[in-house]
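Biologist: Could you take me on a close look at one part of this protein? I would love to hear about the aromatic rings and the elements that carry them.

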Amino acid sequence: MSLARPAVLAILALATGLLASCGGGDGANEPSVPAGHGAVLVIEGWVETLSKGDVKGAADYFALPSVAENGAPPVTLRSRADVIAFNRSLPCGARLVRARPLGRFIAATFRLTDRPGGDCGPGSGLLARTAFVIQRGKIVQWRRLPNLPRRDGDAGPVV
């Protein structure tokens, strides 16, 4: 009987962990990447720099080459000019809301803001999601993720 009790406890612990990791799709129960994690620091540095309107400074956070995908097929950014142009194309600044692991990516959720040199328009205040691969302190992949549906079912614009 004493062997059965530890087995039941182990199964209950495993089931509890699995249920906690399922979440309801809103990110509330998903594991998060701790603040201060190297990848999170890179993502925060990049978005804070871009939000100040410093697209050249934001470009410094990207490796060469790197891959960017923003609602269109992925493109390889091979030069600093490519990375600057990509950052300039982003109409909004943002504030990092949360980051969580997603396979080899870090999935980041941002609250969009206006930024100098951009035109966020009606996107300001909405949430947007991006998946990053960070290697040696640089962004090597930047991929737009679908926005989670809002309560009214509208996912909002892709920006």
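Modeller: Here is a walk from the whole chain to the aromatic rings, and then to the strands around them. Please keep in mind that this is a predicted model.

Let's start with the overall layout. The protein chain has four helices and six strands, and from the N terminus on they follow the order α-α-α-β-β-α-β-β-β-β. Of its 159 residues, 36% are buried. Among contacts with a separation of 6 or more, 49% are between residues 24 or more positions apart.

Now to the rings. The structure holds eight aromatic pairs. In one of them, the ring centres of W46 and F132 are 5.8 Å apart and the planes meet at 65°; an angle over 60 degrees counts as edge-to-face, so this pair is edge-to-face. Where do W46 and F132 lie? W46 belongs to helix α2 (residues 38-51) and F132 to strand β5 (residues 127-135), so their pair ties together parts that are 86 residues apart in sequence. Because buried means under 20% relative accessible area, W46 with 3% is buried, and F132 with 0% is buried as well.

W46 also pairs with W142, again edge-to-face, with 6.2 Å centre to centre and 75° between the planes. Since W142 sits in strand β6 while W46 sits in helix α2, this pair ties together parts that are 96 residues apart in sequence. W142 counts as buried too, at 1% relative accessibility. If you step back, W46, F132 and W142 join F62, F86 and F110 in one aromatic cluster.

Next, let's follow the strands. Strand β6 (residues 138-145) pairs with strand β1 (residues 62-69) in the parallel sense, over four bridges. Within that pairing, V67 stands opposite Q141 in β6. β1 also pairs with strand β2 (residues 75-77), here in the antiparallel sense and over three bridges, and V67 stands opposite T76 in β2. The hairpin of β1 and β2 has five residues between the strands, and G71 there takes a positive phi near 80°.

F110, a member of the cluster, leads us to another pairing. It is the bridge partner of L96 in β4. Strand β4 (residues 105-113) runs antiparallel to strand β3 (residues 93-102), and nine bridges join the two. Their hairpin has two residues between the strands, and G103 takes a positive phi near 60°.

To trace this yourself, start at W46, find its partners F132 and W142, and then look for the rest of the cluster.

Note on methods:
Residues numbered from 1 in each chain as written. Predicted model: local features only at pLDDT ≥ 70, side-chain atom pairs only at ≥ 80, totals over all residues. Heavy atoms only, no water. Buried < 20%, exposed > 50% of the residue type's maximum accessible area, 1.4 Å probe, protein only. Contact = heavy atoms within 4.5 Å. Pairing = 2+ DSSP bridges. Phe/Tyr/Trp six-rings, centres within 6.5 Å; stacked < 30°, edge-to-face > 60°.
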